[in-house]
Structures are given as structure tokens and as C-alpha cells.
Amino acid sequence: MTRPPFGKSERAPIERPIRVAVVGAAGRMGQLLSAAIEEAHDLELAFAVERNLAPLGEEARAEGEPPTRLEHAAPEELDAVIEFTTARAVPAIAREVERLGVAWVSGTTGLDEEGKAALAAAGRVAPVLSSPNFSLGIAVLRRLLERAARLLPEGWELEIVESHHGAKVDAPSGTALVLADQWVQRRPLDSGRSGSQVHGRSGRVGPRPAGEVGIHAVRLPEGAGEHRLLLGGRGESLELIHRAHDRSAFAHGALEALRWLTAQPPRLSIRWTTGRSKSG
Ligand SMILES: NC(=O)c1ccc[n+]([C@@H]2O[C@H](COP(=O)([O-])OP(=O)(O)OC[C@H]3O[C@@H](n4cnc5c(N)ncnc54)[C@H](OP(=O)(O)O)[C@@H]3O)[C@@H](O)[C@H]2O)c1
């Protein structure tokens, strides 16, 4: 039997369909999530929320469609919030989650300190999971990198090339930052290695410092996302590549995470910049 990617459940699972609010419902991820929820027998699209937690337009809402105002939701109407929006939206969404006390899966990337603090505050009263990448393949890639960091001898170095669609607003990707940090944390830092990151290189940068991790962001008009890990040692190299062929990879993984999260106690699980998921 395969192990669930997020760990074992700590509370009894909900015995009826899990009632979910999708926040950012008109966005690329939000539309995919809403469609996947409507297809899943164990999930129910209870709210479809758009910008500033305001209605898309009540008059434009067809009969029978889910309500659009999260601020009017009562705690007993919802089991979970899933949110892929923008970093600026996160503090307001956190306040609603705190009020409702329901599970919150946040996929938004490029979080600032205010957003991270808001997630942490919500994590004190509700189960909250924030990750820059919900694809199951990336979860496995992280474990492979962790193994590689332990197995490869001193002298091996990592460079990351990430490629995304041109509409992505943050660079390098949050996933590339997590992977770089994970590698640095697993490598010994006792032989003058820098452990620093460089985002692209240009000009007379000099010889590559030992232990530096180079991250390079490619942006093309289309494409869901690629992370290429280039590991190099003496006389050989190794590449690990993950390609998300379309965004359904993230939607599928995020909904798996949501099912798991609704059976967890209040706690923030972070997958931002460290190899290990932190709890607080
Ligand atoms: N973790 C992962 O696995 C993963 C995977 C893919 C993407 N992402 C991240 O997820 C986020 C969204 O990506 P996307 O491609 O879906 O972007 P998108 O197409 O721009 O969708 C974002 C949606 O959020 C809405 N929104 C903005 N502020 C809001 C608020 N305060 N309340 C409710 N809705 C609000 C936007 O509305 P307006 O159009 O009116 O602004 C838009 O419809 C980005 O940060 C992206 O990097 C993460």
C-alpha cells in the first residue's frame, strides 16, 4: 500500500461530502479546482469566491450556483477553504479563515512577511497548509533531492533551472526556492561552502563559490511549469526533471491535501523555504 503523501490523519474523516469554498474561483487554478470539486463524489462546491471576497455579481449568478460571499458564510456551512489568489489577498482571507475555523489550503506563491504571519495566525485556530507546489511529482522530487544530498560526496553542486508561463508574477518560483533551501540544509557546511543562492548570473561574477546554488528563471508565453535540477560532481553529472504538463497536476494534489487537512487539528504546515515541513 502506498503511503499518503501528506502523512496520516489525526481526526476522524468527515462522513459526508466535504463542503469547500474556492477562493479565486475565476482564476486559472480556481476554475480547475471548481470543476474538479464538482466532479468529485466526496467534495461539494459550497462557495465560489472572487476578488476582495466580494460577489462576482449576484444578479449574474445563475439559479442553483454556489454563493460567492465568504464573509457571509457561517462556520457550520463550510469544512474547508482552498485558495489560489495573490499574495496581497492572503491577510484578508486569513481573517475569514480565523473567523470560520475551517481547514485552509493555500497555494498562493510569492508570499511576503505579512502573508506568512497571517497564515501563521490562522494556523493557531484552524488546520492550514501552504505550499508553493501541490503536484505529487514535486513531492517525490523533493524526496529524491533529499536522498541525493545525503548520498553525493563533497564537491557535488546544484543548479536549478525553472521554466514557467509569462503571466507568473514571482521569480524565481517558490518551488525552486524550496528545493534550493532543502539541498543547502542537507549538505555539510563545514568546509568553507557558502550555501548562498544566486538568481541568474551576469557580468564578471568570478569563479563559482563552492556550495553556491544558482537558480535560473525562464519565462515563455505558455507552459504550466518545469523544474530541472542539475547536479554536477567530478567527471559526471545527474539531472532530475519534473514537468507539470498542465495545471491539473496542482489541482489534483491540492485537493488530496484538502482531504487530508480536514482530518487534522489546528496547525500551520508550511512548505515555503525549508526542506522539512515546519509546524507551529
Ligand atoms: N501551489 C501550487 O501548486 C500552485 C500552482 C499554480 C499556481 N500557483 C499560484 O496560485 C496563485 C494563482 O494562480 P493562477 O494562475 O490561478 O492566477 P490567476 O489566474 O491570476 O487567478 C487568481 C485569481 O484570484 C483572484 N483574486 C485576487 N485577489 C482576490 C481576493 N482578495 N479574493 C478572492 N479572489 C481574489 C483574481 O481575481 P482578479 O482577476 O480580479 O484579480 C483571480 O481570479 C499564484 O500565486 C500562483 O503562483 C500555485
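Start by selecting Met29, Leu32, Leu33 and Ala36 in helix H1, then add Ser248, Phe250, Ala251, Ala254 and Leu255 in helix H6: these two sets meet each other. By class, this contact of H1 with H6 has eight nonpolar residues, one polar residue and no charged ones. Bear in mind as you look around that this is a predicted model.

Now show the two helices whole, H1 as residues 28-39 and H6 as residues 248-261; their axes come within 9 Å and cross at roughly 55°. That angle is why H1 counts as oblique to H6. Turn the view until one helix lies in front of the other, and you can check the handedness: the crossing is right-handed.

Stay with H1 and bring up the ligand. Which helix gives the most to the shell around the ligand? H1 does, with three residues. In total, 28 residues surround the ligand, and the closest are Gly24, Gly27, Met29, Ala89 and Gly107. Met29 is worth a label, as it is listed both among the closest residues to the ligand and in the contact of H1 with H6. Colour the shell by class and you should find eleven nonpolar, twelve polar and five charged residues.

Next, select helix H2 (residues 90-100) and helix H3 (residues 113-122). Their axes come within 9 Å and cross at roughly 5°, so H2 is roughly parallel to H3. From H2, pick Val90, Pro91, Ala94, Val97 and Glu98; from H3, pick Glu114, Gly115, Ala118, Leu119, Ala121 and Ala122, and you have the residues that make the contact. They divide into eight nonpolar, one polar and two charged.

Now for the sheet. Five strands form an open sheet in the order E7-E8-E6-E9-E10, with mixed pairing. Which strands stand at the edges? They are E7 (197-199) and E10 (236-244); each has a single partner strand, so one side of each is left without a neighbour in the sheet. On average, neighbouring strands here are turned by 15° against each other, direction ignored.

Zoom in on E9 (residues 225-233) beside E10: the two run antiparallel and are joined by nine bridges. A good pair to label is Leu229 and, opposite Leu229, Leu240 in E10.

For the last stop, add helix H5 (residues 174-186), which packs on the sheet and touches E6 (157-165), E7, E8 (213-220) and E9. Compare the directions of H5 and E6: they make an angle of about 170°.

Terms used
Residues are numbered from 1 along each chain as its sequence is written. This is a predicted model: local features need pLDDT of at least 70, side-chain atom pairs count only at pLDDT 80 or more; totals for chains, interfaces and linings use all residues. Axes are lines fitted to C-alpha atoms, for helices over the stretch in contact, and angles run from 0 to 180 degrees between N-to-C directions. Helices (H or I, at least four residues) and strands (E, at least two) are DSSP runs, numbered from the N terminus. Angles under 35 degrees count as roughly parallel, over 145 as roughly antiparallel, 65 to 115 as roughly perpendicular and the rest as oblique. A crossing is left-handed if the near helix is turned anticlockwise from the far one by less than a right angle, and right-handed if clockwise. Two residues are in contact if their C-beta atoms, placed from the backbone, lie within 7 Å. Ala, Val, Leu, Ile, Met, Phe, Trp, Tyr, Cys and Pro count as nonpolar, Asp, Glu, Lys and Arg as charged, and the others, Gly among them, as polar. A residue is near a molecule or strand if its C-beta atom, placed from the backbone, lies within 6 Å of it. Two strands pair if DSSP finds at least two bridges between them.
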